[in-house]
Amino acid sequence: MLLFTISFPGPARADSMPNPARQAELLNLVRQDCGSCHGLTLAGGLGLPLTPEALKGKSPEALEETILRGRSGTPMPPWSPFLTEAEAAWIVDILLKGLP
Amino acid sequence: MRHKIIPLFFLFSPLLLSGCASTPLRGTGDMGLIIERAAGSVQIVETTHRTRLGQVPGLGDLSHASVNYSRDERYAYVFGRDGGLTKVDMLEMRIVKRVMQSGNSIGGAISQDGRLVAVANYTPGGVKIFDAETLDLVANIPAIDDAGKSSKVIGLVDAPGNRFVFSLFESGEIWVADMRVAAKPVVTKFKGIGKEPYDAMITGDGRYYLAGLFGEDGLAMLDLWNVQAGVKRVLNGYGKGEQKLPVYKMPHLEGWAATGNELLVPAVGRHEVLVIDQNKWTEAGRIPVHGQPVFVVARPDNRQVWVNFAFPDNDTVQVIDIASRAIVKTLKPGKAVLHMEFTPRGEQVWVSVRDDNRVEIYDAETFEKVSELPADKPSGIFFTPRAHRTGQ
């Protein structure tokens, strides 16, 4: 168990929230850069809608996985070069709640 | 004699004088719009003195917004992501009419005769055509393929002969709609043109329609002088055997640089600008650039081409010299450069820097920054002379 957590350091939840400055950056990234394909209001575009209603019932882990690794066979790219797992988890969280 | 007295009377009327002072006559040929994507507003600007004239709010979700102009350059048609089509009076700086014409749209076009405005829609997929004067719906072309499935429509442009040309993302088709009888479009369909056309352009002469493919490496080309020949594949498999990079922002083809003999286009998922020989329709070269190109825009004299890039390289602009294919300048305007628009004769270029909330204005010859204007998350910049260009 200890080995497991050492070799996969990351699947972070509320205990490793991004700091407020980074949260502001991430929020801008979601609105503007995710918004390029998913719409500024996240109601969808070339990409699917990402509103709380549209994401209802989807597993947060699977959504996190999609953000970090992308979806092959679609234009959705992997964001892992730019986001930690904790940050992806935070993004999933705000998407499910609805953007502030 | 009487007819001389009347003008004199008007000349000295205080009412008329004050009226003149508040609304001086002006042309619109040096004017333009800057999209403020998050605020849902547009700024009205002029390029002679490089000033902001006003702002028009209330245009909805303007992510990926684009603009066409009426042939008199008085009115702008703004196409919003949320399906809103808004007609803006450039002189009175107000919304004349606004219709919510679909749930989700991607862009539009104005017909050769200026009487029809077409909008490309994602949800539900198709093209809706409106009377340019009233914005009343004239015709509706649902993008339903033979299997009954709806597609998102992209790459909608106008073409000579009062036609609209557009592509279907999911089904991989190019459709040509002849609008000579506006209420009864005659649609010619080209199927199996390639996987996932993501954007398209038409050359300035209105002859060649080119759709970029996302699902495979290559472009689909339709010669509108010879539609019977069908759609041909251009640059088929231009990146064969090479690893394509993830794409963080779809390239745009609206600003594709056509220099007469060569077309410069963004490579998808590569740090390259592709050069196409426009006579043979073969690859004439590749120019390595700083990142994945988004817009590749020719200066109006076609001597140089300005390129911006996708996230995470979107702080940079590069200038390519056409003759030598060398990068002659690399600029760092700021965070998230989204669009570049040249003044009509190309002495200056306006650059929107989204995350720094400003538009920068550069001398297109010396690359010196001339001025900057504040703007709220600016994206597209559209100057009125587009009114007279096919495909814009």
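A residue counts as buried if 20 or more other C-beta atoms lie within 10 Å of its own, with C-beta atoms placed from the backbone. By that cut-off, strand β17 of chain B, residues 208-213, is mostly covered, with six of its six residues buried. The model described here is predicted.

**Strand β17 and its partners**

In a regular strand the side chains alternate between the two faces of the sheet. In β17(B), both faces are covered. B:Y208, B:L210 and B:G212 are buried on one side. B:Y209, B:A211 and B:L213 are buried on the other.

β17(B) pairs with β16(B) in the antiparallel sense, over five bridges. Across this pairing, B:M201 stands opposite B:L210. The two strands form a hairpin with five residues between them. In its turn, B:G206 has a positive phi of about 75 degrees.

β17(B) also pairs with β18(B), residues 219-223, again antiparallel and over five bridges. Here B:L219 of β18(B) is the bridge partner of B:G212. These strands, too, form a hairpin with five residues between them. The turn holds B:G218, whose positive phi is about 150 degrees.

**Two domains in chain B**

Chain B is divided into domain 1 (101-246) and domain 2 (250-332). Their C-alpha centres lie 23 Å apart. The contact takes 15 residues from domain 1 of chain B and 16 residues from domain 2 of chain B. Which strand gives the most to the domain 1 side of this contact? Strand β16 of chain B, residues 197-202, does, with four residues. By class, the domain 1 side has nine nonpolar, four polar and two charged residues.

**The nonpolar cores**

The largest nonpolar core has 119 residues. Within it, B:V127 and B:I174 touch the most other members. β9(B) supplies the largest share of this core, six residues. Domain 1 and domain 2 of chain B each give at least three residues to it.

Leaving aside residues up to four places away in sequence, the contacts of B:V127 include B:A118, B:V119 and B:A120. B:I141, B:V153, B:F164 and B:A177 are also among them.

Another core lies apart from the 119-residue one. This second core has eleven residues, among them A:L42, A:A43, A:W79 and A:W90.

**Contact between the chains**

Chain A gives 17 residues to its contact with chain B, and chain B gives 21 residues. On the chain A side, seven residues are nonpolar, nine are polar and one is charged.

**Unusual backbone geometry**

Two cis peptide bonds and two positive phi angles outside glycine appear in the loops of chain B. The table places them.

| Feature | Angle | Loop in chain B |
|---|---|---|
| cis bond, B:T123 to B:P124 | omega about -10 degrees | B:P124 between β9 (116-123) and β10 (126-131) |
| cis bond, B:F311 to B:P312 | omega near 5 degrees | B:P312 between β25 (304-309) and β26 (317-321) |
| positive phi, B:N162 | phi near 50 degrees | between β12 (153-159) and β13 (163-168) |
| positive phi, B:F367 | phi about 70 degrees | between β30 (358-363) and β31 (369-374) |

Are B:N162 and B:F367 buried or exposed? B:N162 has 18 other C-beta atoms within 10 Å, so this residue is partly exposed. B:F367 has 16 C-beta neighbours inside 10 Å and therefore also counts as partly exposed.

How values were computed:
Residues numbered from 1 in each chain as written. Chains lettered and ligands numbered in written order. Predicted model: local features only at pLDDT ≥ 70, side-chain atom pairs only at ≥ 80, totals over all residues. Contact = placed C-beta atoms within 7 Å. Nonpolar A, V, L, I, M, F, W, Y, C, P; charged D, E, K, R; others polar. Buried ≥ 20, exposed ≤ 12 C-beta atoms within 10 Å, placed from the backbone. Domains from an automatic or database assignment. Core = buried A, V, L, I, M, F, W, Y, C linked by C-beta atoms within 7 Å. Pairing = 2+ DSSP bridges.
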